[in-house]
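Hi,

Here's the structure I promised to pass along. Have a look at it first, and my notes on what turned up are underneath.

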Amino acid sequence: MTFIEYLAKKYNFDHKKERELHKKEVEQNGWISDVMMVTEFINSACSVAGISYDVLMSRDRTQEISDWRHIMMYLAHKHFPDLSFKTISQLHGRKCHSTSFHGIDKIEEYISINDKKTMQQIKLLEPLLTNETEPSTTAQNEVIAQAKERQTDNSTFQNNSILTD
């Protein structure tokens, strides 16, 4: 059994049903509001996470960017279960429904082992979808500290590469 077949079985995925659901989504007006809400969530989440929207939508496969992307897919699936996997993938700049499968499965795996970093990131972004007030400042401060650390690492790398050229 391939990984995609495993995920399809896990989520009771049926290609025919998925296509029908996607067609219904396009035909229904409610789908448009869900898509708009997810799009607004992605924009807000990018600013909270400290990454640009363009980088999130790019083909960047660094772990940090893909983890944020997967968390956003997981939260979109959790809060908008009527959206198809294909739609969720497309909203995150991807082409195929299997990308959503993989991202959601990966985050669920991290949650099952109680991964501290993933739990902090979810805690930071989930209030954006649940109409709560601001995300928790503790989680936000930790993410800001991580972003500053990355910037320091990147500038050190750039300075070293300039010296070697």
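I'll start with a single residue, Tyr110. Setting aside neighbours within four places in sequence, Tyr110 is in contact with Gln63, Asp67, Asp115 and Thr118. Keep in mind that this is a predicted model. Tyr110 sits in helix α7, which covers residues 97-112. Is Tyr110 buried or exposed? Its relative accessibility is 19%, and buried means under 20%, so Tyr110 counts as buried.

Two of those partners, Gln63 and Asp67, bring in helix α5 (residues 63-79), whose axis comes within 8 Å of the α7 axis. The two axes cross at roughly 95 degrees, and anything from 65 to 115 counts as roughly perpendicular, so that is how α5 and α7 lie to each other. On the α5 side the contact is made by Gln63, Asp67, His70, Ile71, Met73, Tyr74 and His77. From α7 come Thr99, Ser100, His102, Gly103, Ile104, Lys106, Ile107, Glu108, Tyr110 and Ile111. Sorted by class, that makes seven nonpolar, seven polar and three charged residues.

Next, the core. The largest nonpolar core has 32 residues, and the ones touching the most other members are Phe41, Ile42, Met72, Leu75 and Leu125. Which helices feed into it with at least two residues each? They are α3 (29-49), α4 (53-57), α5, α6 (85-91), α7 and α8 (116-125). If you want one residue to click on, try Ile42: leaving out residues up to four places away in sequence, Ile42 touches Tyr53, Leu56, Met57, Met72, Leu91 and His92.

On to the cysteines, in case you were about to set up bonds. A disulfide is a covalent bond between the sulfur atoms of two cysteines. The count of disulfides here comes to zero. Cys46 has a relative accessibility of 3% and therefore counts as buried, whereas Cys96, at 33%, counts as partly exposed.

Finally, the overall picture. The chain has nine helices and zero strands, so to speak an α-α-α-α-α-α-α-α-α run from the N terminus on. Of its 165 residues, 39% are buried. Looking at contacts with a separation of 6 or more, 67% are between residues 24 or more positions apart.

Cheers

Methods. Residues numbered from 1 in each chain as written. Predicted model: local features only at pLDDT ≥ 70, side-chain atom pairs only at ≥ 80, totals over all residues. Heavy atoms only, no water. Helix = DSSP H or I, 4+ residues; strand = E, 2+ residues; numbered from the N terminus. Buried < 20%, exposed > 50% of the residue type's maximum accessible area, 1.4 Å probe, protein only. Contact = heavy atoms within 4.5 Å. Axes fitted to C-alpha atoms, helices over the stretch in contact; angles between N-to-C directions. Parallel < 35°, antiparallel > 145°, perpendicular 65-115°, else oblique. Nonpolar A, V, L, I, M, F, W, Y, C, P; charged D, E, K, R; others polar. Core = buried A, V, L, I, M, F, W, Y, C linked by side-chain atoms within 4.5 Å. Disulfide = S-S within 2.5 Å.
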